[in-house]
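Please look over the model below before reading on. My notes follow as numbered points.

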Amino acid sequence: MNPYNYLYVSGLLFTIGAVGVVVRRNAIVVFMCVELMLNAANLTLVTFSRINGTLDGQVVAFFTMVVAACEVVVGLAIIVTIYRSRRSASIDDASLLKR
Amino acid sequence: MEFTAPVLNYAQLAPILIVLGGALIGVLIEAFAPRASRHSSQLFITIASLVAAFAALVRVRNQASVDAAMGSVAFDGAGVLLQGSILIIALLSVFLIADQENFTALAAAVPGSSEERESLQRDLRVTEVYPLTLFAVAGMLLFPLSSDLITLFVALEMLSLPLYLMAGLSRRRRLMSQESALKYFLLGAFSSAFFLFGVAYLYGYSASITFAGIQSSVIGGSGNDVFLLLGIAFISVGLLFKVGAVPFHAWSPDVYQGAPTAVTGFMAAATKVAAFGAILRIYYVAFANAQWQWRPALILIAIVTMVFGSVVAIAQRDVKRMLAYSSIAHAGFLLAGVIALSKSGLDASLFYLFAYGIATVGAFGVVTLVRDSAGEVTDLNRWSGLGKRSPLVASVFAFFLLAFAGIPLTSGFIGKFSIFSAAYESGSTWILISGVLSSAIAAFFYIRVIVLMFFKDPVEDGTSVVIPSALTLTTIVVTSAITLLLGVFPAPLITFIESSAFFIR
């Protein structure tokens, strides 16, 4: 199978994620969309690793997973704190700073 | 497959490793030390590791090698200057952070809960802000030295993740502070996803993740140009987000306003140095030969950024928001140095970064001093007449504003002059014109604040200037002295930068 097809799939996933970040209102869902974008990037990396015939792309993919896990820790901590003080995880409610 | 053990040059990595070690010790102190001694020992460890890192950096300052860590970290003159600036700025910011009055005692407690009240009354402080600062500093030290895409990405996250948390630690207006942390985090994660996608496409273009490999692919010109273009575009989104360039600036006014002021100062100054360091390296080394792919777009972004930042700053009523828009405008000025793509552009950018970072820390240091019974006062209307009540503090703040505006006898003038002349030499006349115009607009709102402080009558609503703690005072004195010194007598630093600033390829 032509490996370039995976690039189209990952591009599509990335776009879905990006659109999700922009249109969704719940912080958790927005965050999940960001994760989708990171995974799309991972798929791209692995595909290029196959196309180029070098292992570097797969190594980057591993680092991405680790970093994404750290991001989840920090991100969920922030979202849960916000939820506990507001009883809502909607990013539209968080608008004290907008003037 | 054969496994080769990595060869690391520990002397050159020492500044980063010392700061990371200090951060880990800080985590242990947080877990095991008795509460009474925690704050002082954390502060000691933080200051000690920053000073030790600086000493380690001074020791290896004349070395240069691409192989500090197997080709992943390039240690060179520009890197030393950037690391030195970051360490000095971080140390001065830690002095501001040491004033724990503005930090929440227990970040996990729900605002307004009895738990929070109790921790404040009994002064049961958690001091996680110090290790977080050190982790962020370690990431910042690594970021401008990274010479491959993995290191660049890991360093980017290493400096960002602690900052997201630190933005939410404010003691007063906690909902606002948490909201700024959420915004910073979501937008930051969004931009780093773009960054990673760019990394993937650059790898697809050049089959290599090192800057040197990308550079040689660009020179060879054998790869697919669409991949290169996508890669540069997406990676630039991630990097420009960090420096707050328009149109990726949306987070910065909110985060600057919501975060504790000491953290804002640290973030504004040190992140900008680190991120511009990385931008300079990647554009000067990896993308230099592909300048037709990115230079026109970057020129447009620089112009829009300076004009937008300066114009919108006029309308701000909050001093921290105003400084945020001013920092957006400064990001535009600094992009002029990237666009210059010459040795003089690099020198000018390094000087500007140091001068701007120092003045920013000082300015936010002054902002922490203006308070009323409910904490810091950042509403500009309530700053009116400050110069009549506290002439000294108001004069120092006015001095920093003049430095931002680029008035002669301040470091800002030298910085702006050298960066715009570098941009002009490289043929970007439009950058010069819009830079001078937006500097003029910017000078208007800086001077408006000065007029407000000195020529309006004071408002009687309990706004007053508190006596600064010894450490805060040190920061303000040192930053204003450096700002003045660099304005009156910049030659030694400029000569030093000119002789040592270069990127190893």
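1. Terms and ground rules. Helices (H or I, at least four residues) and strands (E, at least two) are DSSP runs, numbered from the N terminus. The model is predicted: local features need pLDDT of at least 70, side-chain atom pairs count only at pLDDT 80 or more, and totals for chains, interfaces and linings use all residues. Residues are numbered from 1 along each chain as its sequence is written, while chains are lettered from A and ligands numbered from 1 in the order in which they are written.

2. Backbone at B:M70. This residue sits in the loop between α2 (35–59) and α3 (77–97) of chain B. Its phi is near 55°, a positive value in a residue other than glycine. Most residues other than glycine have a negative phi, and most peptide bonds are trans. A residue is buried if 20 or more other C-beta atoms lie within 10 Å of its own, exposed if 12 or fewer, and partly exposed in between; C-beta atoms are placed from the backbone. B:M70 has 14 such atoms within 10 Å, so it is partly exposed.

3. Backbone at B:L341. Here too phi is positive, about 50°, and the residue is not a glycine. B:L341 belongs to the loop between α13 (319–340) and α14 (343–367) of chain B. It counts as buried because it has 20 C-beta neighbours inside 10 Å.

4. A cis bond. The peptide bond from B:V246 to B:P247 is cis, with omega near 5°. B:P247 lies in the loop between α9 (225–243) and α10 (251–258) of chain B.

5. Helix α10(B). Is this helix largely enclosed, and why? Eight of its eight residues are buried, so the rest of the structure largely encloses α10(B). Among them are B:W251, B:D254 and B:Q257. The cover over these buried residues includes α7, α11 (261–286) and α13 of chain B.

6. B:R321. This arginine is in helix α13 of chain B. It is buried because 22 other C-beta atoms lie within 10 Å. Two residues are in contact if their C-beta atoms, placed from the backbone, lie within 7 Å. Leaving aside neighbours within four places in sequence, B:R321 is in contact with B:P253, B:Y256, B:Q257 and B:Q316. B:R321 and B:A278 are 43 residues apart in sequence and 26 Å apart in space, C-alpha to C-alpha.

7. Nonpolar core. A nonpolar core is a set of buried Ala, Val, Leu, Ile, Met, Phe, Trp, Tyr and Cys residues joined through C-beta atoms within 7 Å. The largest has 216 residues, and B:V19, B:I86, B:A138 and B:A336 have the most contacts inside it. Helix α7 (residues 174–206) of chain B gives the most to this core, 19 residues. Beyond four places in sequence, the contacts of B:A336 include B:A302, B:F420 and B:G435.

8. Chain B overall. It has 20 helices and three strands. Of its 505 residues, 61% count as buried. Residues 24 or more positions apart account for 81% of the contacts in chain B with a separation of 6 or more.

9. Contact with chain A. Chain B and chain A give 35 residues each. On the side of chain B, the elements giving two or more residues are α6 (149–166), α7 and α10. α7(B) gives the most to that side, with 18 residues.
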